[in-house]
Amino acid sequence: MKRGKNYKEAAAQVDKNKLYDSKEALALACQISKAKFDETIEVHVRLGVDSRHADQQVRGAVVLPNGTGKKVRTLVFAKGDKAKAAEEAGSDYVGAEDLVEKIQKENWFDYDVIIATPDMMGLIGRLGKILGPKGLMPNPKAGTVTMDVAKAVADAKAGKIEYRLDKTNIIHCPVGKVSFGADKLAENFDTLLGAIIKAKPASAKGQYIKSCVIASTMGPGLKVNSAKLG
């Protein structure tokens with residue numbers, strides 16, 4: 001892959017053979033960020049589990065103490081009092097059959113998180129093939145299938161992120177923006193890692209956190225000393 005001048009300059013400041021302390025890596029990732037926009041700082045954690053086995057899945061959600069730096073748009077599927085509660089909590093969109101039809105007919109995706117009351121999941125099931133590949137299907141483990149839609153909306157807007165394994169047993173998550181600075185990013189990073197460690201499957205054997213890499217959107221990856229992460 002051909003890399004631009006900014007990337008090469010940033011990469012030159014990274015020791016490829018060094019295992020950085022997490023806060024040091026976050027500080028350096030911010031320092032070498034050269035993009036003209038406020039880059040997202042991303043964390044990539046490889047786990048010692050096998051995602052092909054149901055009892056070794058790692059998935060959940062956590063509210064980052066300093067948010068993600070992104071304005072989150074919520075869509076809530078609910079009726080009656082729950083729909084009213086979602087509206088009062090500030091959800092961007094609230095509806096039922098009307099929104100299912102809009103998604104089906106218009107390929108509509110002007111939202112980041114979908115929240116639903118349990119009784120709406122039969123209706124939303126029709127959208128599985130559309131929402132599933134985009135990671136937008138509501139899920140009880142992520143707290144997006146719930147009767148407390150107001151709290152779910154508040155959490156999403158406050159910086160709740162979902163973490164889940166991909167097919168290569170890696171979790172990819174944002175922990176904030178370069179403009180946050182190392183201290184706030186470190187708080188978010190520690191919160192995310194704490195949640196991932198807490199979610200360790202009972203059937204997981206050997207080293208749980210195999211590796212961890214921190215990088216900005218356009219920057220090179222920095223290897224973190226995973227032995228210190230738990």
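How many aromatic pairs does the count come to? The count comes to three aromatic pairs. This structure is a predicted model. The briefing below covers two open sheets, one with strands in the order β7-β1-β8-β9 and one in the order β4-β3-β5. It then turns to the nonpolar cores, to Tyr20 and to the aromatic rings.

**The four-stranded sheet**

- Strands of a sheet pair through backbone hydrogen bonds, and the pairing is either parallel or antiparallel.
- Four strands build an open sheet here, in the order β7-β1-β8-β9. Their pairing is antiparallel.
- β7 and β9 are the edge strands. Each of them pairs on one side only.
- On average, neighbouring strands of this sheet are turned by 25° against each other, direction ignored.
- β1 and β7 run antiparallel and are joined by six bridges. Within this pairing, Val43 has Cys173 in β7 as its bridge partner. Thr40 has Lys177 in β7 as its bridge partner.
- β1 and β8 also run antiparallel, and seven bridges join them. Ile41 has Ser216 in β8 as its bridge partner.
- Helix α8 lies across β1, β7 and β8. The helix runs at about 155° to β7.

**The three-stranded sheet**

- Three strands form an open sheet in the order β4-β3-β5. Here the pairing is parallel.
- Why is one side of β4 and of β5 left without a neighbour in the sheet? β4 (93-95) and β5 (113-116) stand at the edges and have a single partner strand each, so one side of each has no neighbour in the sheet.
- Neighbouring strands of this sheet are turned by 15° against each other on average, direction ignored.
- β3 covers residues 74-77 and pairs with β5 in the parallel sense over four bridges. Leu75 stands opposite Ile114 in β5.
- Helix α7, residues 149-158, lies across β3 and β5. The helix runs at about 165° to β3.

**The nonpolar cores**

- The largest nonpolar core has 40 residues. Ile41, Val43, Leu47, Tyr163, Leu192 and Ile214 have the most contacts inside it.
- Several elements each supply at least two residues of this core, among them α2, β1 (40-47), β6 (160-164) and β8 (209-216).
- Which element gives the largest share of this core? The answer is α8, with seven residues.
- Another core, of 16 residues, lies apart from it. Its members include Leu99, Ile103, Ala116 and Leu123.
- Ile214 touches residues from several stretches of the chain, including Ala25, Leu26, Ile41, Val43, Phe189, Pro220 and Val224.

**Tyr20**

- Tyr20 sits in the loop between α1 (5-11) and α2 (22-31).
- Is Tyr20 buried or exposed? Its relative accessible area is 4%, so Tyr20 counts as buried. The cut-off for buried is under 20%.
- Tyr20 and Ile214 are 194 residues apart in sequence. In space, they are 9.7 Å apart, C-alpha to C-alpha.
- Residues that Tyr20 touches include Gln13, Val14, Ala25, Leu28, Leu222 and Val224.
- The Tyr20 side chain also reaches the backbone nitrogen of Asp15, at 2.9 Å.

**The aromatic rings**

- A pair of aromatic rings is described by two values: the distance of the centres and the angle of the planes.
- One of the three aromatic pairs is formed by Tyr93 and Trp108, and it is edge-to-face. The centres are 4.8 Å apart, with 85° between the planes.
- Tyr93 lies in strand β4, and Trp108 lies in the loop between α4 (97-106) and β5, so the pair ties together parts that are 15 residues apart in sequence.
- Tyr93 has a relative accessible area of 29%, so this residue is partly exposed. Trp108 has a relative accessibility of 7%, so this residue counts as buried.
- Phe109 and Tyr111 form a tilted pair. Their centres are 6.2 Å apart, with 50° between the planes.
- Tyr111 is buried, because its relative accessible area is 3%.
- Tyr93, Trp108, Phe109 and Tyr111 make up one aromatic cluster.

Definitions and conventions. Residues numbered from 1 in each chain as written. Predicted model: local features only at pLDDT ≥ 70, side-chain atom pairs only at ≥ 80, totals over all residues. Heavy atoms only, no water. Pairing = 2+ DSSP bridges. Axes fitted to C-alpha atoms, helices over the stretch in contact; angles between N-to-C directions. Contact = heavy atoms within 4.5 Å. Buried < 20%, exposed > 50% of the residue type's maximum accessible area, 1.4 Å probe, protein only. Polar contact = N/O pair within 3.5 Å; in protein donor to acceptor, adjacent residues only side chain to side chain. Core = buried A, V, L, I, M, F, W, Y, C linked by side-chain atoms within 4.5 Å. Phe/Tyr/Trp six-rings, centres within 6.5 Å; stacked < 30°, edge-to-face > 60°. Lists of a residue's contacts leave out its neighbours within four places in sequence.
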